[in-house]
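Me: I am a first-year student, and I would like to go through this structure slowly, with the terms explained as they come up. Could we take it as questions and answers?

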Amino acid sequence: MIKKEKRRRLSHEILGITFLCFIISAFLCLLLCGIGTVITDHFFELETDIDYALATTRVIGISVVISALFFALLFLIG
């Protein structure tokens, strides 16, 4: 007897791709936030007149936007 191969349902496949894209994008967001924070800390060691909280908020916002765009790109490619 020939065993029937278990076929993956399309919904499970799409869910898997979505989860993988989300994990990669979340890692990218954490990486960008970390790098941005290090650069911001170094920039403020030079004693500039820019508000530190505003700069940190902008770094986080830019990181989230880039990660969301990367998620969309990965999902469309996948």
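**Helices, burial and rings**

Reply: S63 lies in helix α2, residues 52–77, where helices (H or I, at least four residues) and strands (E, at least two) are DSSP runs numbered from the N terminus. This is a predicted model, in which local features need pLDDT of at least 70 and side-chain atom pairs count only at pLDDT 80 or more, while totals for chains, interfaces and linings use all residues. Residues are numbered from 1 along each chain as its sequence is written, and side-chain values use heavy atoms, with hydrogens and water left out.

Me: Is S63 buried or exposed?

Reply: The terms rest on relative accessible area, with buried meaning under 20%, exposed over 50% and partly exposed in between, for a 1.4 Å probe and protein chains only. The relative accessibility of S63 is 3%, so S63 counts as buried.

Me: Which residues does S63 touch, not counting residues up to four places away in sequence?

Reply: A contact here means heavy atoms within 4.5 Å. With residues up to four places away in sequence left out, the residues that S63 touches are C29, L32 and C33.

Me: How far apart are the C-alpha atoms of I60 and L32?

Reply: I60 also has its place in helix α2, and because its relative accessibility is 41%, I60 counts as partly exposed. Along the chain I60 and L32 are 28 residues apart, and their C-alpha atoms are separated by 8.2 Å.

Me: How many helices and strands does the protein chain have?

Reply: One of the elements is α2, which has 26 residues. Another is α1, which runs over 10–45. The secondary structure of the whole protein chain comes to two helices and zero strands.

Me: What span should the residues of α1 have, and what span do its end C-alpha atoms show?

Reply: The expected span of a helix is 1.5 Å times one less than its number of residues. For α2, the reach from first C-alpha to last is 37 Å, close to the expected 38 Å. The 36 residues of α1 should span 52 Å, and this agrees with the distance between its end C-alpha atoms, which is 52 Å.

Me: Which element do the buried residues of α2 pack against?

Reply: In α2 the buried residues are A55, V59, S63 and S67, while in α1 they are C21, S25, C29, C33, G36, T40 and F44. Seen from α1, what covers its buried residues includes α2. Seen from the other side, the buried residues of α2 pack against α1.

Me: Which residues does T40 touch, not counting residues up to four places away in sequence?

Reply: T40 is found in helix α1, and its relative accessible area of 9% is why T40 counts as buried. Leaving out residues up to four places away in sequence, T40 touches Y52, A55, T56 and V59.

Me: Which residues do ring pairs link into a cluster?

Reply: Rings of Phe, Tyr and Trp (its six-membered ring) pair if their centres lie within 6.5 Å, with planes under 30 degrees apart counted as stacked, over 60 as edge-to-face and the rest as tilted. A search of the whole structure finds three aromatic pairs, among them F43 and F44, which are edge-to-face at 6.1 Å centre to centre with 85° between the planes. The rings of F44 and Y52 have centres 5.1 Å apart and planes at 80°, so this pair is edge-to-face as well. Ring pairs thus link into a cluster F43, F44 and Y52.

Me: Is F44 buried or partly exposed?

Reply: Within the cluster of F43, F44 and Y52, F43 is partly exposed because its relative accessible area is 38%, and Y52 counts as partly exposed at 37%. The relative accessibility of F44 is 18%, so F44 counts as buried.

Me: What share of the residues in the protein chain is buried?

Reply: Individual residues fall on both sides of the cut-off, since S63 at 3% counts as buried, whereas F75 at 34% counts as partly exposed. Over the 78 residues in the protein chain, the share made up by buried residues is 14%.
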